Amino acid sequence: MIEELRWRGLLADATEHAAAALSVGQVAGYVGFDPTASSLHVGSLVPIMGLVHLQRAGHCPIALVGGGTGLIGDPSGKTRERALLDRLTMEENAEGIRRQLASFLDFEAASNPARMANNLDWLDGLGLVDFLRDVGKHFSVNAMLRKESVKRRLEDEEAGISFTEFSYQLLQAYDFLELSRRHGCTLQMGGSDQWGNITAGIDLVRRMGGPQCHGVVFPLLVTARGLKFGKSEAAETVWLDPERTSPYRFYQFWLNSEDADVVRYLKLFTLLDRDEVDDLAEAVRTAPHRREAQRRLAAEVTRTVHGADGLDAALRASRILFGGSPRGLSSAEIEDVFADVPSTALARSRLEGPGAELAVVMAEAGMASSRSEARRLIRDGGVYVNGERVSATDGTLTTEDLLDGRFVVARIGKKRHFVLDAR
RNA sequence: GGUGGGGUACCGAAGCGGCCAACCGGGGCAGACUGUAAAUCUGCUGGCUCAAGCCUACGUAGGUUCGAAUCCUACCCCCACCA
């Protein structure tokens, strides 16, 4: 399993005996997820894949939702009522995360089912005195102060560090202890920035008389250009929740991967085997314009997250939006394909007779921030109506331009689509 | 509290009486090439009935002037040094 992670680029570091433990018997291992949002995003995919590989290797994956640590994450003073509300939200978020994880992990497997855990279950009833006595005494403040993350904050007079944040590593270590007691968990995985917290947990379990535990950390992902991974072209977070990021946008996000990144992504985010990845890598070299690797990557990940139907919809929309002309489509098809393209209502009466000036309509529909900008875009050749480039700055839209008597499909550049609905 | 420096478009940064809607760089957008990549190159990047023209803009409010981002006055805010 460690070897598999290494080949896929998922391994940044592991504790000394982790590989041995994983190759001998069945291990229960966990990853913590932040429940401050109700959905995971593509940035969470690395740890998720870590759990997937764990389960595929016959081990038991545990997804820990940090409900308790999430509650104290923000130390600004809150009323009791507010905290209760937050707790409810937190539980909803945890449920949302579980649903998304179910696309990746098998919660029904006979021998090694995936499990969810919420640290609220043990942090909630935890007494401060007990905690300090049983857990706190195993932590050396001297060692905690040496941590890089803490040190940086101490040196920064401005920012400083609150006691709450300082204690965070104790709580995370305590999670490991509880999981080892409750679920026999002996492995924690996480981002490489979690290394210190993970080893702190391993130490705690040992000092409390528990079993030898292990840690595996994943590399932090950056794009070939050194940018943070996980933002769309519009710099929006790409979520796994179809309500937040449609399957079409999700698919497009992956399809737009650069050549320099795509092979790495195939290894990280799909379960394709070495031969398949090698073939696709070869395709990137010999026929990059066909973007086979990108297509495969996008298809695989989209199918896993959004199912076959989600992938179909994304493919259908992609073909029409980037393939040919939208002419000839029925209203129903347009509504379907352009489902998550910004749509603006347009009074039909304005298109009758001489029609309405395109630049004016563009400004109103939010396609351009002003009429001036709209005219500039047209002048520079960046505006397309129903798939055809517009050449006249003073061009108009008339009822002639309506597809199926109802829609105008407009585009700026290659990727920014808009629908005008003259119902 | 004193002295000095400074506040310019999304950001950085020139300009220091008319040639300034404001050099230049970054960012953003569009175009070309290509592959819905990357790199590169080109153009655009205040508004208006955009061709001329007009309007609004250079911390805020006044003033001088035919004419101000540029000079004067007051005020606000930043930064540095001194106390």
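Ala, Val, Leu, Ile, Met, Phe, Trp, Tyr, Cys and Pro count here as nonpolar, Asp, Glu, Lys and Arg as charged, and the others, Gly among them, as polar. This is a predicted model, in which local features need pLDDT of at least 70 and side-chain atom pairs count only at pLDDT 80 or more, while totals for chains, interfaces and linings use all residues. Residues are numbered from 1 along each chain as its sequence is written, chains are lettered from A and ligands numbered from 1 in the order in which they are written, and side-chain values use heavy atoms, with hydrogens and water left out.

By those classes, the surface near RNA strand B divides into six nonpolar, eleven polar and 13 charged residues. A residue is near the strand if one of its heavy atoms lies within 4 Å of it. In total, 30 residues surround RNA strand B, and the closest are Asp259, Ser370, Ser372, Arg376 and Arg416. Of the strand's atoms within 4 Å of the protein, 66% belong to sugar or phosphate and the rest to bases.

Three side chains show what kinds of strand atom are met. An N or O atom in the side chain of serine 370 is 2.6 Å from a phosphate oxygen of RNA strand B. For arginine 416, the partner of a side-chain N or O atom is a sugar or linking oxygen, at 2.7 Å. For lysine 414 the partner is a base oxygen, at 3.0 Å.

Helices (H or I, at least four residues) and strands (E, at least two) are DSSP runs, numbered from the N terminus. α12 (247-255), α15 (292-322) and α18 each supply at least two residues of the surface near RNA strand B. α18 gives the most, with six residues.

Helix α18 covers residues 371-379, and its buried residues (under 20% relative accessible area, 1.4 Å probe, protein chains only) are Ala374, Leu377 and Ile378. These three lie on the same side of α18, because they cover an arc of only 100° around the axis, taken from the directions from the helix axis to the C-beta atoms. The buried residues pack against α17 (358-364), β9 (383-385) and β12 (407-412). Glycine 381, with a positive phi near 80°, follows α18.

Another buried position is phenylalanine 269, with a relative accessible area of 5%. Phenylalanine 269 lies in helix α13 (residues 259-269). Leaving aside neighbours within four places in sequence, phenylalanine 269 is in contact (heavy atoms within 4.5 Å) with Leu45, Val46, Met49, Leu221, Phe229, Trp254 and Val301.

Conventions
Buried means under 20% relative accessible area, exposed over 50%, partly exposed in between (1.4 Å probe, protein chains only). A polar contact is a pair of N or O atoms within 3.5 Å; within protein, one must be able to donate a hydrogen and the other to accept it, and residues adjacent in sequence count only if both atoms are side-chain atoms.
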